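Q: Could you take one part of this model and go through it closely, from its backbone to its surroundings? I would like a connected account that I can follow with the sequence and the structure in front of me.

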Amino acid sequence: MTAKAPAANLRPVTRLLHAGAPPLRDGTGPVNVPVVRTSTVRFESTAAYVDYHHRRTAGERVASYGRHGLDTHRALEDAVSGLEGGHRAFLTPSGLSAITLVLLALLSPGDHALVADGVYAPVRRVDSTLLQRLGITVEYFSPTHDDLASRLRPNTRLLYLESPSSLLYEVLDLPALSAIARDRGVTVAADNTWSGGLFYQPLSLGANISIQAATKYISGHSDLMQGVVVVDGPVLADKLSTAYEALGLTIAADDAYLALRGLRTLPVRLAQHQRNATEVAEFLQRQSQVTRVFYPALPSDPGHALWKRDFSGASGLVSFEFRHATPASAAAFVDALTLFGIGASWGGYESLALTAQPERLREHRQWSGDAPVVRLHVGLEAPADLIADLAQAFAAAAPAL
Ligand SMILES: *Cc1c(COP(=O)(O)O)cnc(C)c1O
């Protein structure tokens with residue numbers, strides 16, 4: 001519900017800025033949608049309650065109970081769905097629960113799913129702890145080295161991808177992979193967290209479902225856990241809706257508000273993350289202690305051509321491989337940093353560093369090295385300060401390197 005429906009020909013950034021704005025009442029109203037906290041939704045009569053209940057069961061996005069969410073939820077759903085060019089969005093309590101929702105909604109006992117080997121690592125835990133127990137077979141494959149068509153089985157129901165991949169940012173040919181899967185009636189889901197939904201559009205490149213950890217760039221301030229699933233049409237909306245309801249998923253109105261607030265500045269934040277990360281990546285390339293820098297926006301990155309074709313921007317994530325370093329010396333480098341926090345997650349305004357676990361790297365077929373890899377999330381600090389910090393950490397760790 002918007003005051004005046006934004007014109008359809010507006011550019012995505014403009015639509016994002018105005019999506020879900022509340023309507024004026026009596027000629028006036030706030031800029032932002034109110035935070036509507038409630039468990040109970042009241043009705044003027046039993047007939048009205050029954051009517052809402054029926055409309056909801058028929059698939060309409062109305063609430064008859066607090067778990068369904070009210071205005072704040074609807075505004076965020078509309079904004080994210082619009083951003084991803086989708087039909088409907090589902091809000092979940094974390095990025096991982098968004099992934100699990102998709103897997104449980106689409107897979108049944110006896111089904112087979114193909115999963116790219118470079119996906120967010122906890123997906124494998126969902127497989128080993130939950131899906132296996134339900135008699136669902138998950139097979140990992142390398143989307144760049146293996147032939148997808150020959151991996152598809154008669155019972156393959158889902159192709160699950162993430163581009164670029166976690167940790168090493170391997171860019172996938174999503175249009176080609178999706179075409180092969182969809183030809184065989186296989187649903188394609190893609191984790192789109194890396195782009196924040198802004199500069200990569202999995203749904204327009206052939207995927208049926210786009211998933212994001214809103215915890216990362218949508219929030220943008222490291223103060224929120226949230227996931228979102230966007231589907232391309234009513235058939236998948238129905239399937240997702242059934243599982244979503246059964247699992248009792250919901251998010252707090254305050255969190256929906258925070259995510260919506262983050263979305264408004266997504267374009268400016270991401271543009272700056274990319275500028276800063278590019279400077280840092282170029283600095284890293286010039287270091288004698290660095291063998292390889294993983295950042296698809298660099299012309300030297302093997303995924304650069306595909307990135308240029310399919311993406312309109314890059315994130316703040318940069319990984320690099322140390323030359324002749326031991327895990328201890330890589331840890332010494334990270335520990336010597338003063339501006340980069342040490343911690344998991346990313347997507348906030350601040351810079352972070354973490355050494356990649358070797359067992360995580362070995363899950364990627366693309367990876368054949370044994371040198372340590374450090375993942376940086378380049379934040380919005382002045383890039384010259386970040387580079388100075390990295391330079392002093394290289395110097396401090398040099399004896400160990
Ligand atoms: C962080 C992350 C997730 C999980 O999000 P949470 O909100 O932490 O559960 C999923 N996919 C990718 C690519 C991520 O980086």
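A: What follows looks at one loop, the strand that leads into it and the ligand site.

The model is a predicted one, in which local features need pLDDT of at least 70 and side-chain atom pairs count only at pLDDT 80 or more, while totals for chains, interfaces and linings use all residues. Residues are numbered from 1 along each chain as its sequence is written, and side-chain values use heavy atoms, with hydrogens and water left out.

**The strand before the loop**

The loop in question runs between strand E4 (156–162) and helix H7 (174–183), where helices (at least four residues, H or I) and strands (at least two, E) are DSSP runs numbered from the N terminus. E4 is mostly covered, with six of its seven residues counted as buried, that is, under 20% relative accessible area, as against over 50% for exposed and partly exposed in between (1.4 Å probe, protein chains only).

E4 has pairing partners in strand E2 and strand E5, and a pair requires at least two DSSP bridges. With E2 (residues 112–116), E4 runs parallel and is joined by four bridges; in that pairing, Leu114 has Leu159 of E4 as its bridge partner. With E5 (residues 187–191), E4 also pairs in the parallel sense, here over five bridges, and Leu158 stands opposite Thr187 in E5. In general, the strands of a sheet pair through backbone hydrogen bonds, whether parallel or antiparallel.

**The loop between E4 and H7**

Beyond the end of E4, the loop includes Ser163, and the peptide bond from Ser163 to Pro164 is cis, with omega near -5 degrees. Pro164 belongs to this loop as well. Ser163 counts as buried because its relative accessibility is 6%, and its side chain reaches the backbone nitrogen of Leu172 at 2.9 Å, a polar contact (a pair of N or O atoms within 3.5 Å, one able to donate a hydrogen and the other to accept it). Leaving aside neighbours within four places in sequence, Ser163 is in contact (heavy atoms within 4.5 Å) with Glu170, Val171, Leu172, Asp191, Tyr200 and Phe311. Leu172 thus appears both as a contact of Ser163 and as the residue whose backbone nitrogen its side chain reaches.

Further along, Leu167 lies in the loop between E4 and H7 and has a phi near 70 degrees, which is a positive value in a residue other than glycine. Leu167 counts as buried, because its relative accessibility is 14%. Tyr169 is placed in the loop between E4 and H7 too, and although Tyr169 is not a glycine, its phi is positive, at about 55 degrees. With a relative accessible area of 2%, Tyr169 is therefore buried as well.

**From the loop to the ligand**

Asp191 links the loop to the ligand site in this account: Asp191 is one of the residues that Ser163 touches, and E5, the strand paired with E4, spans residues 187–191. Asp191 is also listed among the closest of the 13 residues that surround the ligand, together with Gly95, Leu96, Thr215 and Lys216; a residue is counted here if one of its heavy atoms lies within 4 Å of the ligand.

Two backbone approaches and one side-chain approach can be followed from the protein to oxygen atoms of the ligand. For Gly95, a backbone N or O atom lies 2.7 Å from an oxygen atom of the ligand, and for Leu96 a backbone N or O atom lies 2.8 Å from a ligand oxygen atom. For Trp346, it is a polar side-chain atom that lies 3.3 Å from an oxygen atom of the ligand. Of the 380 Å² of accessible area that the ligand has on its own, the protein covers 91%, as computed by the Shrake-Rupley method with a 1.4 Å probe.

Taken together, the path goes from E4, paired in the parallel sense with E5, through the cis peptide bond from Ser163 to Pro164, and on to the positive phi values of Leu167 and Tyr169. The contact of Ser163 with Asp191 then leads back to the ligand, which has Asp191 among its closest residues.
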